[in-house]
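Hi there,

Here is the structure I promised to pass on. Have a look through it first, and then read on for my notes on its sheets.

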Amino acid sequence: MRRLGSTRRTVRSVRAGGRRTGRVALAGAVCAAALAALTAVPAQAHQRPHWDVKDTGAHDVRFRGLAAVSRHTAWVAGTGGTVLRTTDGGGTWRDVSPTGAGGLEFRDIEAFDARRAVALSIGEGEASRVYRTDDGGATWTESFRNTDTRAFYDCLTFFDRRHGLAMSDPVDGRFRILSTSDGGRSWTVLPDAGMPAAQDGEAGFAASGQCLVSAGPRDVWLATGGAARARVLHSADRGRTWTATDAPVPAGDPARGVFGLAFRDRAHGLAVGGDYRPEQASPRAAARTADAGRTWRPADRPPPAYRSGVAWLPHSRMAALAVGPTGTDLTTDGGRTWRTVDTGSFDTVDCTGDLGCWAAGEQGRVARLER
């Protein structure tokens with residue numbers, strides 16, 4: 001999007017049922033206990049969930065792209081063509097930026113594991129590119145470069161290790177969708193016959209890598225703003241056909257709309273956004289759906305300000321985190337009410353099955369959620 005520039009959902013392998021053992025059940029019990037502790041309201045302030053900020057050494061970089069693999073492994077991508085990776089819980093960070101990418105703005109990254117990842121840079125024309133690595137970022141292959149000056153790519157998402165999509169702001173009056181079936185090694189523009197017409201001024205916000213998110217093998221959602229109405233578009237066939245629904249968040253201005261989405265399954269989703277200008281209020285900055293986005297309901301008590309990123313806590317049907325420049329909010333009732341738990345600045349958030357919740361943002365800030 002030309003105003004701000006670009007779920008996080010890390011793709012994980014599916015283990016065979018025959019390999020499940022008692023250790024898996026034990027791990028699930030441990031995660032459940034940790035989640036209960038995380039979402040509880042403790043009596044003492046030092047016991048509350050808090051972000052443990054890690055020193056990335058990249059204090060002049062803004063990280064809007066984040067892919068959490070586990071509590072130990074995470075990737076971040078940001079300004080100046082920067083990509084970092086940690087495999088020790090944020091204790092150390094390796095600069096794995098693609099060679100020659102110093103002039104690019106990375107706004108989204110999806111990781112399959114500690115070695116394989118796909119990163120998206122944003123901008124008009126050839127500034128929009130996709131890179132893939134299979135060796136932990138030691139080398140990257142440029143798998144897509146946009147040659148249409150009318151296109152501006154914002155976000156990408158993967159359904160599994162092979163199938164994924166990327167989205168561009170409208171071209172000829174409709175959002176443009178790229179598709180891959182080989183893990184991001186090659187991309188094809190999908191026909192736009194099944195895409196609803198865009199509103200005047202409508203586009204995606206490349207703010208957190210969460211304007212295009214997926215859940216399950218075929219469902220994907222696209223968040224919009226900048227027009228008279230903020231909308232969420234849904235496809236149940238991997239981006240071939242779409243339906244659009246209005247979202248009850250601030251709209252009617254190029255700086256307002258839905259900035260981030262998160263779905264814990266194909267039915268239950270959260271939307272966050274508002275007005276990203278710090279001097280403007282965002283009184284209705286969150287909404288929720290329980291029917292795959294056919295209808296959206298505003299939060300009864302939303303976050304107090306604009307939020308750009310959102311993520312469901314793993315192993316929970318009701319708990320989620322939302323982040324933005326003025327703080328982090330927690331919901332424990334499925335998005336009906338939110339309460340602020342931290343006032344630090346973050347742009348994006350992502351959680352993993354082992355309760356490895358990470359956040360990233362300006363001035364090289366990356367953090368992991370701790371009790």
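In what order do the 4 strands of the open sheet that includes strand 15 stand, and is the pairing parallel or antiparallel? Please keep in mind as you look that this is a predicted model.

The order is 14-15-16-17, and the pairing is antiparallel. At the edges stand strand 14 (212-215) and strand 17 (243-246), each pairing on one side only. On average, neighbouring strands in this sheet are turned by 25° against each other, direction ignored.

If you would like to zoom in, try the pairing of strand 16 (residues 231-235) with strand 17: the two run antiparallel and are joined by 4 bridges. Within this pairing, V232 has T245 of strand 17 opposite it.

There is another open sheet to visit, with 4 strands in the order 1-28-27-26 and antiparallel pairing. Its edges are strand 1 (50-54) and strand 26 (348-350); each has a single partner strand, so one side of each has no neighbour in the sheet. Here the average turn between neighbouring strands is 30°, again with direction ignored.

For a close-up in this sheet, go to strand 26 and strand 27 (residues 358-360), which pair in the antiparallel sense over 3 bridges. T348 has A360 in strand 27 as its bridge partner.

As a general reminder for reading both sheets, strands pair through backbone hydrogen bonds, in either a parallel or an antiparallel way.

Happy browsing, and do write back with any questions.

Best wishes

How values were computed: Residues are numbered from 1 along each chain as its sequence is written. This is a predicted model: local features need pLDDT of at least 70, side-chain atom pairs count only at pLDDT 80 or more; totals for chains, interfaces and linings use all residues. Side-chain values use heavy atoms; hydrogens and water are left out. Two strands pair if DSSP finds at least two bridges between them. Axes are lines fitted to C-alpha atoms, for helices over the stretch in contact, and angles run from 0 to 180 degrees between N-to-C directions.
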